[in-house]
Amino acid sequence: MPKNFTAIGCLSGIPTVNLSAGCAHECVYCYTKGYSFYPSEGVVRVYRNSAQKIRDELSRKRQLPRRVYFSPSSDIFQPVTEIQEIACEIFQILLERGIEIVFLSKGVIPDALWSILEKYAYRIFAQVGLISVNEAIRRIFEPHAATVAQRLAQIERLNAVGIRTTVRLDPILPGVSDSSEDFDALCAEIAQRGAREIAASVLFLRPGLLSIMRKIGIYGHRGPILSRKLRHFLTVSTLRVGWISMRKTVLPRRFQQRSVKLFLIVCVRLRVVINSPSASVAVKIPI
């Protein structure tokens with residue numbers, strides 16, 4: 001499979017596929033911007049031979065993987081026609097061989113893929129990223145991703161065709177999208193679309209993201225208002241971690257705890273089953 005450059009514990013043992021380095025969605029909080037292979041803002045390098053490489057690799061395997069995950073370091077449905085066409089081809093290759101697919105996206109699922117999704121719904125697990133139902137927040141932090149309305153419609157359609165769909169509130173943006181009103185609105189909207197599971201985590205800051213946050217706060221179309229909301233991000237400390245002296249910037253724990261506490265309060269009020277009450281939580285909305 002195309003190499004996975006991330007070390008994500010929850011994906012341990014699951015083959016992962018990235019169809020590009022860089023992503024046309026250009027979400028300002030994206031952790032991959034801190035990776036050495038990140039090509040730079042506005043650049044997307046497409047792995048054009050991905051489908052053939054996967055086909056060749058599967059032909060050599062004695063035992064096929066149970067499932068494959070798309071994509072830890074990019075978005076499989078970013079607005080790049082070539083990437084979407086490759087994605088459709090790879091989905092067909094995997095599903096025809098009985099391999100399950102898990103995908104996470106904040107993009108628009110191409111029309112050409114829906115017939116495949118409907119045919120193999122029992123082998124597909126969808127995750128739709130949605131940080132807020134406030135379109136103004138989406139425009140600032142996810143400038144080229146699908147609109148809130150498009151994603152809500154996709155959640156409803158995925159559920160309608162029988163695909164298990166989880167909504168990923170990833171990340172919670174302290175000071176921006178972490179009020180009880182924000183959580184109430186998001187949970188109510190996705191529940192109306194048939195979603196029964198939601199996962200959430202708090203923003204993880206890397207040094208490169210701080211400069212981007214500052215730039216948005218000063219020059220973004222919300223100007224000083226957003227700058228004030230991002231005050232917590234702009235005052236976090238930088239730590240030296242491990243023998244390699246890797247620097248990473250983290251949000252103060254009290255802000256992480258505050259966001260998670262508010263989220264869990266909303267879950268309790270909505271009678272949501274809480275699986276893991278921690279800084280990264282996964283919950284289920286009862287039918």
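## A predicted chain, from its bends to its core

Pro171 has its place in strand 7 (residues 164-172), where strands are DSSP runs of E with at least two residues and helices are runs of H or I with at least four, both numbered from the N terminus. The peptide bond that leads into this residue, from Asp170 to Pro171, is cis, with omega near 10 degrees. The model is predicted, with local features needing pLDDT of at least 70 and side-chain atom pairs pLDDT 80 or more, while totals for chains, interfaces and linings use all residues. Residues are numbered from 1 along each chain as its sequence is written, and side-chain values rest on heavy atoms, without hydrogens and water.

**The chain as a whole.** The chain is built with 10 helices and 12 strands. It has 287 residues, and 49% of them count as buried, that is, under 20% relative accessible area, with over 50% called exposed and the range in between partly exposed (1.4 Å probe, protein chains only). Its accessible surface comes to about 13800 Å², and carbon and sulfur atoms hold 52% of that surface. If one takes the contacts (heavy atoms within 4.5 Å) whose partners have a separation of 6 or more, 70% of them join residues that are 24 or more positions apart.

**A second cis bond and a group of rings.** The peptide bond from Phe70 to Ser71 is also cis, with omega near -15 degrees, and Ser71 belongs to the loop between strand 4 and helix 2. Phe70 is also part of a cluster in which ring pairs link it with Phe77, Phe91 and Phe103. In the whole structure, a search finds 4 aromatic pairs, a pair being two rings of Phe, Tyr or Trp (its six-membered ring) with centres within 6.5 Å, called stacked if the planes are under 30 degrees apart, edge-to-face if over 60, and tilted otherwise. For Phe77 and Phe91 the ring centres are 6.2 Å apart and the planes stand at 55 degrees, so this pair is tilted. Phe77 lies in the loop between strand 4 (67-70) and helix 2 (81-96), whereas Phe91 lies in helix 2, so the pair ties together parts that are 14 residues apart in sequence. Both Phe77 and Phe91 are buried.

Phe77 also forms an edge-to-face pair with Phe103, at 5.3 Å from centre to centre and with 75 degrees between the planes. Here the partner comes from strand 5 (residues 100-105), and Phe77 from the loop between strand 4 and helix 2, so this pair ties together parts that are 26 residues apart in sequence. Phe103, like Phe77, is buried.

**Helix 3 and its neighbours.** In helix 3, the residues Leu113, Trp114, Ile116 and Leu117 are buried, and the buried residues of this helix pack against helix 2, strand 6 (124-129) and helix 5. Helix 3 (residues 111-119) and helix 5 (residues 148-160) pack at an angle of about 35 degrees, and their axes are 10 Å apart; the axes are lines fitted to C-alpha atoms over the stretch in contact, with angles from 0 to 180 degrees between N-to-C directions. Trp114, Leu117 and Glu118 of helix 3 make this contact with Gln154, Arg157 and Leu158 of helix 5.

Arg157 and Trp114 appear again in the table, which lists charges over rings (NZ of Lys or CZ of Arg within 6 Å of the ring centre and within 35 degrees of the ring normal).

| Charged end | Ring | Distance to ring centre |
|---|---|---|
| Arg67 | Phe125 | 4.6 Å |
| Arg157 | Trp114 | 4.0 Å |

**Three glutamates in loops.** Glu142 sits in the loop between helix 4 (135-141) and helix 5, and it is buried, with a relative accessible area of 0%. Leaving aside residues up to four places away in sequence, Glu142 touches His25, Cys27, Tyr29, Lys106, Ile131, Ile137 and Arg151. Of these partners, Lys106 is 36 residues from Glu142 in sequence, with 8.7 Å between the C-alpha atoms.

Glu41, by contrast, counts as partly exposed at 43% relative accessibility, and it lies in the loop between strand 2 (20-21) and strand 3 (45-46). With residues up to four places away in sequence not counted, Glu41 touches Glu26 and Lys33. The C-alpha atoms of Glu41 and Glu26 are separated by 7.4 Å, although the two residues are 15 residues apart along the chain. Glu26 has its place in the loop between strand 2 and strand 3, and its phi is positive, about 55 degrees, although it is not a glycine.

Methods. Accessible areas come from the Shrake-Rupley method with a 1.4 Å probe; for residues, only the protein chains shown count as cover.
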